[in-house]
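I am opening a notebook on a structure that is new to me. I will write down what I looked up, one entry at a time.

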Amino acid sequence: MPRRDRAARWHAQGVVPERYCLPDTAANRRQNMRNAPGIPWPRRVGSALAIAVCLFTNGPATAAAESATDYPSRPIHLISGFEPGGATDVVARLVGRQLSRVLGTSVVIDNKPGASGNIGAGYVARSDPDGYTLYLANATVAMPSLFRTLPFDIRKDFAPLSLIGYGPSVLIANPKAPVKSVKELIEYARQHEGKVDYGSGGVGNITHMAMELFISMTGVKLIHIPYKGGAPATTAVMAGEVPVAFSAISDVIGHARDGSVVPLAISSRERSPALPDVPTVAEAGVPGYEASSWYGIVAPAGTPKSIQDKLTKALVACLQDKVLLNELVALGIEPADAGGAQEFRKYIDSEIDKWAKVIAQGHIVAR
């Protein structure tokens, strides 16, 4: 057999005659193949690269085809950037339960709290864009100018799927605090300038920004005490650690009814059906005031369009479910009118512009 034919056979079989081999160790195997006579080494390298290129170029196309027809074939992880028990977590669990029913697969809620939700958002931005890792975004992700650096770009790193709803905050006070209305809070803060604390769910959290807007519109000076989420901040008001805070209605509605906290005002333009007797901040003495959180689902940018469309359609279907709608309203959350990706993209852009002005006016920087 000609020498070159023998070498081709050895190469095809991955076998090199013993006389050409170094001792058979992991470190020597590549050199042993180099020693095989008759087939130039560059050609062997070129063949290997050609195979690798074929695998690389054909692999994603196959995966995309499978995703378009089989998605979802395993559990979906919906990431919440805040502590369990808070408003964002509760919304995630309600939406995740209904989304599981619509898609016919498990939706697992993962809490990755910290940095005003940015840890969870950054995690999703870096995740595989395959539709199996989603993020329950809220107002904080539309405040990029608040932070010196971020592990994501809200406009470039995410694909908006659908708004879920809007959630006003409620300004609450400890029952023993010497304030029972917004006007009394303003007067008390002016009399004790720089000595009145307020709690929040963290720097950049909507409960923080709602109070910063309140401060900018009233001229009072309050000391910010951030907590790791809205629920801990509410607990701090109940315990008397801080006298006042803005909190999500879902965090305080039960405590407001049993007298553990005193609701002073709602942050939205209109009163909440969940607390119909509580005036808005504007009604209570700060005309023009309005600050609400919101909730929506995003996926990593690069998620196949077919999967984005399927998820958006499923989320819009969720918003037609009367049980889910009633649960959201009971939490003080106004469901989105129709949902959908286009509406959500426009809303995110408007929120970025709105809060950028508040942040600039207040010289607010998250450290």
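**Entry 1: the whole chain.** I began with the secondary structure, which comes to twelve helices and ten strands. The model is a predicted one, and I keep that in mind for every value below. I then looked up burial over the chain and found that, of its 367 residues, 48% count as buried. For the surface I noted an accessible area of about 17,500 Å², of which 54% belongs to carbon and sulfur atoms. I also looked at how far along the sequence the contacts reach: among those with a separation of 6 or more, 75% are between residues 24 or more positions apart.

**Entry 2: helix 5.** I turned to helix 5, residues 118–125, and asked which of its residues are buried. I found Asn118, Gly120, Ala121, Gly122 and Val124 to be buried there. I then followed these buried residues outward and saw that they pack against strand 1 (76–80), strand 3 (133–138), strand 4 (158–173) and strand 9 (292–300).

**Entry 3: a helix pair.** How do helix 4 and helix 11 pack, and at what angle? I looked up helix 4 (residues 87–103) and helix 11 (residues 322–330), and their angle is about 180°, with the axes 11 Å apart. Angles over 145 degrees count as roughly antiparallel, and therefore I wrote these two helices down as roughly antiparallel to each other. On the side of helix 4 I listed Leu94, Val95, Arg97 and Gln98, which meet Val323, Leu324, Glu327 and Leu328 of helix 11. By class, I counted five nonpolar, one polar and two charged residues in this contact.

**Entry 4: a cis peptide bond.** I checked the bond that leads from Tyr71 to Pro72, and the peptide there is cis, with omega near -5°. Pro72 itself sits in the loop between helix 3 (41–70) and strand 1.

**Entry 5: Glu351.** Is Glu351 buried or exposed? I located Glu351 in helix 12, residues 341–362, and its relative accessibility is 5%. Because buried means under 20%, Glu351 counts as buried at that value. Leaving out residues up to four places away in sequence, I found that Glu351 touches Ala139, Ala142, Ser292 and Trp294. With Trp294 there is also a polar contact from side chain to side chain, at 3.0 Å. I noted one more pair for Glu351, since Val141 is 210 residues away in sequence and the two C-alpha atoms are 9.4 Å apart in space.

**Entry 6: the loop between strand 8 and strand 9.** I looked up two residues of this loop, beginning with Ser268, which is found between strand 8 (262–266) and strand 9. Ser268 is buried, with a relative accessible area of 10%, and its side chain reaches the backbone oxygen of Glu270 at 2.6 Å. Beyond its neighbours within four places in sequence, Ser268 is in contact with Pro168, Thr280, Glu290, Ala291 and Ser292.

Glu290 lies in the loop between strand 8 and strand 9 as well. I recorded that Glu290 touches Leu213, Ser267, Ser268, Arg269 and Lys354, not counting residues up to four places away in sequence. Which side chains make polar contacts with that of Glu290? I found the side chain of Ser292 at 3.4 Å and the side chain of Lys354 at 3.2 Å. Glu290 and Thr280 are ten residues apart in sequence, and their C-alpha atoms are separated by 8.6 Å.

**Entry 7: Asn174.** I placed Asn174 in the loop between strand 4 and helix 6 (182–191), and I noted that it is buried, with a relative accessible area of 8%. What does the side chain of Asn174 reach? It comes to the backbone oxygen of Val237 at 2.6 Å, and a polar atom of the Asn174 side chain lies 3.3 Å from the backbone oxygen of Met238. Among the residues that Asn174 touches, I also listed Ala239, Gly240, Val242 and Pro243.

**Entry 8: Gly229.** My last entry is on Gly229, in the loop between strand 6 (223–226) and helix 8 (230–239). Gly229 is buried, with a relative accessible area of 2%. Leaving aside its neighbours within four places in sequence, Gly229 is in contact with Ser200 and Gly201. I also looked up Gly229 against Phe82, which is 147 residues away along the chain, and their C-alpha atoms are separated by 6.0 Å.

Definitions and conventions:
Residues numbered from 1 in each chain as written. Predicted model: local features only at pLDDT ≥ 70, side-chain atom pairs only at ≥ 80, totals over all residues. Heavy atoms only, no water. Buried < 20%, exposed > 50% of the residue type's maximum accessible area, 1.4 Å probe, protein only. Helix = DSSP H or I, 4+ residues; strand = E, 2+ residues; numbered from the N terminus. Contact = heavy atoms within 4.5 Å. Polar contact = N/O pair within 3.5 Å; in protein donor to acceptor, adjacent residues only side chain to side chain. Axes fitted to C-alpha atoms, helices over the stretch in contact; angles between N-to-C directions. Parallel < 35°, antiparallel > 145°, perpendicular 65-115°, else oblique. Nonpolar A, V, L, I, M, F, W, Y, C, P; charged D, E, K, R; others polar. Areas by Shrake-Rupley, 256 points an atom, 1.4 Å probe, with all protein chains shown as cover.
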